[in-house]
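Please open the model in the viewer and keep the sequence panel visible. The tour proceeds by selection, from the whole chain to a single side chain.

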Amino acid sequence: MKKLLSIILSFAVMATLAGCGDDAAKNNPGKTDKVTETSKQENIKSDEDVLDNDIQESADDEKSQPTEDKQSNTVNDKETSNVNSNNPQANKPSDTPQIQPKPEQKPTQTPVPAPTTLGKTLLADFKTKASSGMTTQEIADALLTNSAIKFSGGAMPVEEGLLSGFDNAEITGFKSGVMFAPMIGSIPFVGYVFELNNASDASAFIAKLEKNANLRWNICVEADEMVTGSSGNKVFFVMCPKTLEE
């Protein structure tokens, strides 16, 4: 029974409080409107503040962006510099040599050595004159005028058979020949210019001359050298000293 009375009493109190609240709202309608308007104004101000904050943050972002880029570039430059300093090989120029085209080189012409002996000097002179088409007599006469000749000499035609300087061997196989020698017999000098029928016979003819020649054909003196050569169908032969004194 007591519980039932307590429940009824509780409902009565709650009904009384609800009625009082409604009466207060009816008696003071202005207060409710003011609260509502105040809330609206606060909401408007709050929206304005949010908008202002967004604009300010956007401006701050634009200002800070170049600075951040500069700082990023500075950091990258420092990192690159540190990498190069830590790796000195990267700063060195490439060791690979650059291949450059070589300048065109002209072939070097080997100078012809000057004759060092009397016989070689006369042989060179003979080849020059024989190639010019001179006859055996003309060649022999010209050789006697060479500056290397220091004696008075003469040139005379010869025929096949026994010739001075070859002892008892007969020299044959030439078309024409001329001997040139000094007038004084004490000088170990004798030379020949031969003309053959064929230039192809020059080697065999020279071999025959060298085989039968005698450097001591003159009993009193002996020649220092024997020099032979050819030009076309003409053959040169001489036995003489290496040099002649005036």
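The stops below begin with the whole protein, then turn to the sheet, the helix and one loop residue.

**Conventions.** This is a predicted model, in which local features need pLDDT of at least 70 and side-chain atom pairs count only at pLDDT 80 or more, while totals for chains, interfaces and linings use all residues. Residues are numbered from 1 along each chain as its sequence is written, and side-chain values use heavy atoms, with hydrogens and water left out.

**Whole protein.** Select everything and colour by secondary structure. The protein has six helices and seven strands, taken as DSSP runs numbered from the N terminus (helices H or I, at least four residues; strands E, at least two). From the N terminus, the order of elements is α-α-α-α-α-β-β-β-β-β-α-β-β. Of the 246 residues, 26% count as buried; buried means under 20% relative accessible area, exposed over 50%, and partly exposed in between (1.4 Å probe, protein chains only).

**The sheet.** Next, select the strands of the open five-stranded sheet, whose order is β1-β4-β5-β7-β6 with antiparallel pairing. Two strands pair if DSSP finds at least two bridges between them. At the edges stand β1 (153-158) and β6, each with a single partner strand, so one side of each has no neighbour in the sheet. From one strand to the next, the twist averages 15°; axes are lines fitted to C-alpha atoms, for helices over the stretch in contact, and angles run from 0 to 180 degrees between N-to-C directions. Now isolate β5 and β7, an antiparallel pair with six bridges. Here Val193 stands opposite Phe236 in β7.

**Helix on the sheet.** Add α6, which packs on the sheet and touches β5, β6 and β7; its direction makes about 165° with that of β6. Contact means heavy atoms within 4.5 Å. Which residues of α6 are buried? They include Ala202, Phe205, Ile206 and Leu209. These residues lie on the same side of α6 because they cover an arc of only 100° around the axis, taken from the directions from the helix axis to the C-beta atoms. The buried residues of α6 pack against β3 (170-171), β5 (190-195), β6 and β7 (234-240). Rotate to the face turned away from the buried side to find the exposed residues Ser203, Ala204 and Lys211.

**The loop after the helix.** Finally, select Asn218, in the loop between α6 (202-212) and β6 (225-231). Asn218 is buried, with a relative accessible area of 17%. Show Gly185 as well: its backbone oxygen lies 2.5 Å from a polar atom of the Asn218 side chain.

How values were computed
A polar contact is a pair of N or O atoms within 3.5 Å; within protein, one must be able to donate a hydrogen and the other to accept it, and residues adjacent in sequence count only if both atoms are side-chain atoms.
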